[in-house]
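The report below describes one protein chain for a reader who has the sequence and the coordinates at hand. It begins with the chain as a whole and then turns to individual residues.

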Amino acid sequence: MLYLTNCFIIDSLQKDRIRHGTIVIKDGRIEDILDDLFPGQVEGDVIDLQKKYILPGLWDMHAHPGNMIPDPTHQSMFELPAERTIRAYNNVRNALLCGLTSLRVNGEADYIDVALKNAQVNGDLEIPRLFV
C-alpha cells in the first residue's frame, strides 16, 4: 500500500470540493480517501506531499491520436498505417504524461484506435484509458 498524506484533494463530486487528507493506493489504484492527515501505523510506504494539491485525471473528449493537425504538407496522406500507429501511440503516451488519464477517440483510420485500446486493456501499453 502507498499513502499520499498531507495533501489537498480536489474532488468535484463532493460538496466541499477541496479537502485536506490522505489518499490510500493499492495495486496502482485509489482504494480510499481519508480525512486523517496520517492514518497512524500502516503497512506500506507513506509520502508526505507537504500540502501539495492532488487533481483527478483529466479527459480529452474529442481526440484523433493519429492525425497531424495541422498537416500543411499532407504528409499523413503518404504514410503507412504502421507509421501512423507509431505516431498515434506517441501522442496518447504524451497525453498521459501531461495528465490526461482518459481519451474519447472519435475514430481513426485502419482501426488504429481499437488496436491501441486492445493493447492497453491487455496491459501491453501504459497509455490513458481509451474510449473508442
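What follows moves from overall dimensions and composition to the surroundings of selected residues.

## The chain as a whole

The model is a predicted one, and every value in this report was computed from it. The chain contains 2 helices and 8 strands, and, read from the N terminus, its elements follow the order β-β-β-β-β-β-α-β-α-β. The order thus opens with a run of strands before the helix H1, which covers residues 81-97, while the helix H2 covers residues 112-121.

How does the radius of gyration of the chain stand against that of a compact globule of 132 residues? The chain has 19 Å, whereas a compact globule of that length would have a value near 14 Å. The C-alpha trace, taken along its principal axes, spans about 60 × 30 × 20 Å. Of the 132 residues, 28% are buried, and the surface that the chain exposes amounts to about 9000 Å², with carbon and sulfur atoms supplying 55% of that area.

Contacts can also be sorted by separation along the sequence. If one takes the contacts between residues at least 6 apart in sequence, 56% of them join residues at least 24 apart. As for charge, the chain carries 13 positive and 19 negative charges, and the mean positions of the two sets lie 5 Å apart.

## Cysteines

A disulfide is a covalent bond between the sulfur atoms of two cysteines. Under the distance criterion of sulfur atoms within 2.5 Å, the count for this chain comes to 0 disulfides. Two cysteines may be described by their accessibility: Cys7 counts as buried because its relative accessibility is 0%, whereas Cys98 counts as exposed because its value is 65%.

## Residues of the helices

Which residues does Arg87 contact, leaving aside its neighbours within four places in sequence? Arg87, placed in helix H1, is in contact with Pro65, Gly66, Asn67, Met68, Ser76 and Glu79. With a relative accessible area of 14%, Arg87 falls under the 20% limit and is therefore buried.

Gln120 belongs to helix H2 and is likewise classed as buried, since its relative accessible area is 18%. Setting aside neighbours within four places in sequence, the contacts of Gln120 are with Leu125, Ile127, Pro128, Arg129 and Leu130.

## Residues of the strands and of one loop

Thr101 is part of strand E7, which comprises residues 100-105, and it is partly exposed, its relative accessible area being 28%. Apart from neighbours within four places in sequence, Thr101 is in contact with Gly57, Leu58, Leu96, Pro128 and Arg129. Pro128 and Arg129 therefore appear in the contact list of Thr101 and also in that of Gln120.

Arg29, in strand E3 (residues 29-34), is exposed at a relative accessible area of 60%. Leu55 is found in the loop between E5 and strand E6, the latter being residues 58-63, and is also exposed, with a relative accessible area of 54%.

For these residues and for Arg87, the table sets separation along the chain beside the distance between C-alpha atoms.

| Pair | Separation in sequence | C-alpha to C-alpha distance |
|---|---|---|
| Leu55 and Ser12 | 43 residues | 9.6 Å |
| Arg87 and Pro128 | 41 residues | 15 Å |
| Thr101 and Ile33 | 68 residues | 19 Å |
| Arg29 and Glu83 | 54 residues | 33 Å |

## Backbone angles between E4 and E5

Most residues other than glycine have a negative phi, and most peptide bonds are trans. Where in the chain is Gln50, a residue with a positive phi? Gln50 lies in the loop between strand E4 (45-48) and strand E5 (53-54), and its phi is about 50° although it is not a glycine. Gln50 counts as exposed, because its relative accessibility of 57% is over the 50% limit. Lys51 has its place in the loop between E4 and E5 as well, and, although not a glycine, it has a positive phi of about 65°.

Conventions:
Residues are numbered from 1 along each chain as its sequence is written. This is a predicted model: local features need pLDDT of at least 70, side-chain atom pairs count only at pLDDT 80 or more; totals for chains, interfaces and linings use all residues. Side-chain values use heavy atoms; hydrogens and water are left out. Helices (H or I, at least four residues) and strands (E, at least two) are DSSP runs, numbered from the N terminus. The radius of gyration is taken over C-alpha atoms; the globule rule is 2.2 Å times the number of residues to the power 0.38. Buried means under 20% relative accessible area, exposed over 50%, partly exposed in between (1.4 Å probe, protein chains only). Contact means heavy atoms within 4.5 Å. Accessible areas come from the Shrake-Rupley method with a 1.4 Å probe; for residues, only the protein chains shown count as cover. Lys and Arg count as positive and Asp and Glu as negative; His and the chain ends are not counted. The place of a charge is taken as NZ of Lys, CZ of Arg, CG of Asp or CD of Glu.
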